[in-house]
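Dear colleague,

Please find the structure below, handed over for your records. My notes on what was found in it follow directly after.

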Amino acid sequence: MSDRHISQHFETVAIHAGNTADPLTGAVVPPIYQVSTYKQDGVGGLRGGYEYSRSANPTRTALEENLAALEGGRRGLAFASGLAAEDCLLRTLLSPGDHVVIPNDAYGGTFRLFAKVVSRWGVEWSVADTSDPSAVRAAITPKTKAVWVETPSNPLLGITDIAALSHVAREAGAKLVVDNTFASPYLQQPLALGADVVVHSLTKYMGGHSDVVGGALVVADQELGEELAYHQNAMGAVAGPMDSWLVLRGIKTLAVRMDRHSENATKVAEMLSRHARVTRVLYPGLPEHPGHETAAKQMRAFGGMVSFQVEGGEEAAVEVCNRSKVFTLGESLGGVESLIEHPGRMTHASVAGSLLEVPADLVRLSVGIENVDDLLEDLKQALG
């Protein structure tokens, strides 16, 4: 970020960090460098540090600088997807025989990565309720190299005290990894609370418009950042220039979008908590949520994700999803449009039969930025 952008306010950093005006034309938006290779200034003489776009690309560099600034990290890295970012992190941190503590509520793809992929090369994992530091401490072994956290978690909206868990991980000599996708750096900054690594699916709130797939890692330690960059290049699952540009564009409005997402979700959660057909509402903004006080301490607001359970079981939950009109039935989350899904049959089908299996009567909402009255009326008619 240039010296003239001295403000530390998030909204200003989101718009300006990494977004240097083009030196040739003065364009205020970084160009899309849709290029694979670069003319070198002699053998071994890289122009601006660029040689091949898997290793580095100016549009991706702009995004990575922006991500590091938003999370208060030393190094940001952008990938082709959130799972590509997670895979790079795990293969950088772990060796066969190492152990990871994972949460008892997590994205199904993350669980699949641990259970079906990294376990095949000898990495062990165990499940703990990360909202309880004593449970995490009990799950740690002498081989534990990382403690993995989602807060808020997917799809049960559990809350973990990041600062408390950072002490537990540090005592064990393990890295604390926090998936910050549901909160975004506008609502929560895990590195400032003691985390070592932040993970993002850029597909979600960071991109914000359901038009791009991407992932990111941001780290507090420069040396770890260099190790991750080496593996990023060696494995090659990098964010392309167009995808990087789309995420950069989305981030410019992240603050205003997250304010509206949170405002709408709070009203949706309050309405659902009063509805006769709803048996339980999971939203950290509700005072009765068990993680409410922790969320209020470490988050700016409570985010746009709401889950709830309905009377009548699985078929009733599926029917609510099918009857929605303004809420679009679909996977993913974090776009400006509202989405509804049945986690048990959709995003979390991979955790069926495991310790992370989700309730069959659960419905998950990604509350968008539409007029909230339209969202409330749609849910009322869907519930019947």
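I begin with a pairing at the sheet margin: Leu329 has Ile340 of strand 11 as its bridge partner. Strand 10 (328–329) and strand 11 (339–341) run parallel and are joined by two bridges. Strands and helices here are DSSP runs numbered from the N terminus, with E of at least two residues for a strand and H or I of at least four for a helix. Two strands are taken to pair if DSSP finds at least two bridges between them.

Please note that this is a predicted model, in which local features need pLDDT of at least 70 and side-chain atom pairs count only at pLDDT 80 or more, while totals for chains, interfaces and linings use all residues. Residues are numbered from 1 along each chain as its sequence is written, and side-chain values use heavy atoms, with hydrogens and water left out.

The five-stranded sheet

Strands 10 and 11 belong to an open sheet of five strands with mixed pairing and the order 8-9-12-11-10. Its edge strands, strand 8 (278–282) and strand 10, each pair on one side only. Helix 12 packs on this sheet and touches strand 9, strand 10, strand 11 and strand 12, its direction making about 135° with that of strand 9. Contact means heavy atoms within 4.5 Å; axes are lines fitted to C-alpha atoms, for helices over the stretch in contact, and angles run from 0 to 180 degrees between N-to-C directions.

Within helix 12 (residues 313–323), Ala316, Ala317, Val318, Val320 and Cys321 are buried, that is, under 20% relative accessible area with a 1.4 Å probe and protein chains only. The elements covering them include strand 9 (305–310), strand 12 (362–366) and helix 13.

Helix 10 and helix 13

The axes of helix 10 and helix 13 (residues 372–383) come within 10 Å and cross at roughly 30°. The two helices are therefore roughly parallel to each other, a term that applies to angles under 35 degrees. The crossing is right-handed, meaning that the near helix is turned clockwise from the far one by less than a right angle. Asn264, Lys267, Val268, Met271 and Leu272 of helix 10 meet Val372, Leu375, Leu376, Leu379, Lys380 and Leu383 of helix 13. By class, this contact has eight nonpolar, one polar and two charged residues; Ala, Val, Leu, Ile, Met, Phe, Trp, Tyr, Cys and Pro count as nonpolar, Asp, Glu, Lys and Arg as charged, and the others, Gly among them, as polar.

Helix 10 (residues 254–274) also holds His261, which is buried with a relative accessible area of 0%. Leaving aside neighbours within four places in sequence, the contacts of His261 include Tyr205, Gly303, Gly334, Val367 and Ile369.

The seven-stranded sheet

A further open sheet has seven strands in the order 1-7-6-5-4-2-3, again with mixed pairing. Strand 1 (75–79) and strand 3 (124–128) stand at its edges with a single partner strand each, so one side of each has no neighbour in the sheet. On average, neighbouring strands are turned by 20° against each other, direction ignored. Strand 5 (residues 175–179) and strand 6 (residues 197–201) run parallel and are joined by three bridges; Val177 has Val197 in strand 6 as its bridge partner. Helix 2 (residues 58–71) packs on this sheet, touching strand 1, strand 6 and strand 7 (215–219).

With kind regards

Key
Buried means under 20% relative accessible area, exposed over 50%, partly exposed in between (1.4 Å probe, protein chains only). Angles under 35 degrees count as roughly parallel, over 145 as roughly antiparallel, 65 to 115 as roughly perpendicular and the rest as oblique.
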